[in-house]
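Here is a short note for someone opening this entry for the first time. The points are numbered so that each can be checked on screen.

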Amino acid sequence: MILIIDFGSQYNQLIARRVREFHVYCQIDPPDVDLDYIRNLKPKGIILSGGPASIYEKNSPKSDESIFNLGIPVLGICYGMQFMIDTLGGTVKSAQKREYGFAELTVIDQTGLFKDVEEKTNTWMSHGDSIEKLPPGFRITASTENTRIAATVHPDKNLYGFQFHPEVEHTSKGKTMLRNFLFDVCGCKRTWTMKSFARDAIAQIRETVGDKKVILDLSGGVDSSITALLTHKAIGKNLTCIFVDNGLLRKDEADKLKKTLKQHLKINIRFVSARTKFLKALSGVTDPERKRKIIGKIFMDVFETEAKKIKNVEFLAQGTLYPDIIESQSAFGSPTSVIKSHHNVGGLPKKMKLKLIEPLKYLFKDEVRLLGEALRLDEDLIWRQPFPGPGLAIRIIGEITKKRLSILREVDDILLEEIKNGGYYKKLWQSFTVLLPIKSVGVMGDKRTYENIVAIRAVTSKDAMTADWAKLPHRLLGKISNRIINEVSGTNRVVYDISSKPPGTIEWE
Ligand code: XMP
């Protein structure tokens, strides 16, 4: 495995992805991990990430200096390189000419990390500080016009530094350089496959849980389904999944999910219908945060009541993914402001005094889908687009009534059908409709109408942190709009949301 030390770069996840694309496992940890932790991990190599700080700032993040004496190869990128050079006795200064964006790299030594890289190659830079003087034992391996020491090596100690970012697409030979580091320098093997991951995860769950009981909130999404499958393979009938139908699912979805889950996951599942409870509590509520809080609370109550029927439960299995973890442990630990109180089962372990099992916590969404394929999970489940816990409640702007739920369900069903028929379902992160709280005037069959407006939201994204509106063909949008207005009474206008995230969010509430 490769250990990535997170100095706060916006590209950390990208470094991790690049390493994993070579079938090498890696993990991102904060700078303050201690040496024993690193020794236990037994990484074949360490990558020090970039970061926004300057090494001379008072509180700039630093790792234990002995990290360079462990005999493990190290690659420092940008700030990571500056930290290495500063620690080992070199000097870093504010650059006379900062470099942001493209820079042509002149490779002086086409061996080592620059094997198979041309003498002139494009790189991508983003730095205000540069190295002025190297510590003893280091030599320059590449330069750019403005940065004399753009790459360096200490050949005896296997320490490498890049001032540019090999992980971004714009560094044309970045992958070759990383490949050289992983395989030639660190001696990694391409053993990280989803099959091996599944084997290890199952063994680990078995060891952690022993003969104790586990419960899981099964939403029908890919993350919770795969968590259920892995846990089931590990401990069989000692796992009970609870599926709560909150009455806020898409058309026929509760029944469809029930069928698929039962058919493809031969697991002990308890289906709890709590539709009335949720809808009653939401009656008259229009504020998005109140909706979320109410749904979260009722979910916890319903889940807890059901869970209590199972004796001796000690663990809660959860489909947490890696981006959630990375987000909450940034190098600077700055708490992000609450944009939305996302509904999840985060409060459950505390309330019910349960220990957590999170087998997917080091995976990205696309890796989870690959894992689903390795586990031969049903295609429909693997490729199901994410669906928020509060469901349609946060897609009906304003008050939630049975009538409005029914309109949105019909509208949404048409959208999904057309998106699937058009071959876009798998390409989009999410595609859905939103019912607006205003009406507009229209004309149908020579008569005036005054009906609801529907918004279509379709986005592309890798991890929901950022998203762009999907450039769907006008013909397809036209067809969806036409069908919605013709087939769903109570609607007379369809609009397309062309906001990205940020500044918009994916959901409207
Ligand atoms: P936003 O709207 O914050 O959404 O851009 C990011 C992603 O999270 C989903 N989402 C939720 N998922 N419970 C969930 O399980 C929630 O309360 C919730 N709110 C938003 C959203 O669908 C998108 O994929």
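1. Just after helix 12 (residues 365-374), arginine 376 takes a positive phi of about 55 degrees. The model is predicted, and this backbone angle should be read as part of that model. Within helix 12 itself, Lys365, Glu367, Val368, Arg369, Leu371 and Gly372 are buried. The cover over these buried residues includes helix 1 (12-21), helix 5, helix 6 and helix 13 (379-382).

2. Two more non-glycine residues have a positive phi of about 55 degrees: cysteine 78 and aspartate 252. Cysteine 78 sits in the loop between strand 4 and helix 3, while aspartate 252 sits in the loop between strand 11 (239-245) and helix 7 (253-264). Are they buried or exposed? Cysteine 78 has 5% relative accessibility and therefore counts as buried, the cut-off being under 20%. Aspartate 252 has a relative accessible area of 46% and is partly exposed.

3. One of the elements covering helix 12 is helix 6, and the packing of these two helices can be described directly. The axes of helix 6 (residues 222-235) and helix 12 come within 10 Å and cross at roughly 45 degrees. The two helices are therefore oblique to each other, and their crossing is left-handed. Helix 6 contributes Val222, Asp223, Ile226 and Leu230 to the contact, and helix 12 contributes Lys365, Val368, Leu371 and Gly372. By class, this contact has five nonpolar, one polar and two charged residues.

4. Helix 6 also packs against helix 5 (residues 194-209), with axes that come within 8 Å and cross at roughly 60 degrees. That angle makes helix 5 oblique to helix 6. The crossing of helix 5 and helix 6 is right-handed. On the helix 5 side the contact is made by Ala198, Ala201, Ile202, Ile205, Arg206 and Val209; on the helix 6 side, by Leu230, Thr231, Lys233, Ala234 and Ile235. The contact of helix 5 with helix 6 has eight nonpolar, one polar and two charged residues. Leu230 of helix 6 is listed in the contact with helix 5 and also in the contact with helix 12.

5. How are helix 14 (residues 402-421) and helix 15 (residues 474-487) arranged, and at what angle do they pack? They pack at about 150 degrees, with their axes 10 Å apart. Angles over 145 degrees count as roughly antiparallel, so helix 14 is roughly antiparallel to helix 15. The crossing of helix 14 and helix 15 is right-handed. Val411, Ile414, Leu415, Glu417, Glu418 and Ile419 of helix 14 meet Leu476, Lys479, Ile480, Arg483, Ile484 and Glu487 of helix 15. The residues of this contact divide into seven nonpolar, no polar and five charged.

6. Turning to the sheet: nine strands form an open sheet with mixed pairing, in the order 2-1-3-4-9-8-7-5-6. The edge strands are strand 2 (26-29) and strand 6 (120-133), each of which pairs on one side only. From one strand to the next, the twist averages 20 degrees.

7. The pairings within the sheet can be followed strand by strand. Strand 4 (residues 74-77) and strand 9 (residues 159-162) run parallel and are joined by four bridges; here isoleucine 77 stands opposite phenylalanine 162. Helix 3 (residues 79-87) packs on the sheet, where it touches strand 3 (45-48), strand 4, strand 5 (91-107), strand 6, strand 8 (151-154) and strand 9. The direction of helix 3 makes about 115 degrees with that of strand 4.

8. Strand 7 (residues 139-143) has antiparallel pairings with two strands. With strand 5 there are two bridges, and serine 143 in strand 7 is the bridge partner of threonine 106. With strand 8 there are three bridges, and alanine 142 stands opposite alanine 151 in strand 8.

9. Finally, the peptide bonds around two prolines deserve a look. A cis peptide bond joins lysine 501 and proline 502, with omega about -15 degrees. Another cis peptide bond joins proline 502 and proline 503, with omega about 10 degrees. Proline 502 lies in the segment after strand 18 (491-496), as does proline 503.

Notes
Residues numbered from 1 in each chain as written. Predicted model: local features only at pLDDT ≥ 70, side-chain atom pairs only at ≥ 80, totals over all residues. Heavy atoms only, no water. Pairing = 2+ DSSP bridges. Axes fitted to C-alpha atoms, helices over the stretch in contact; angles between N-to-C directions. Contact = heavy atoms within 4.5 Å. Parallel < 35°, antiparallel > 145°, perpendicular 65-115°, else oblique. Left-handed = near helix turned anticlockwise from the far one by under 90°. Nonpolar A, V, L, I, M, F, W, Y, C, P; charged D, E, K, R; others polar. Buried < 20%, exposed > 50% of the residue type's maximum accessible area, 1.4 Å probe, protein only.
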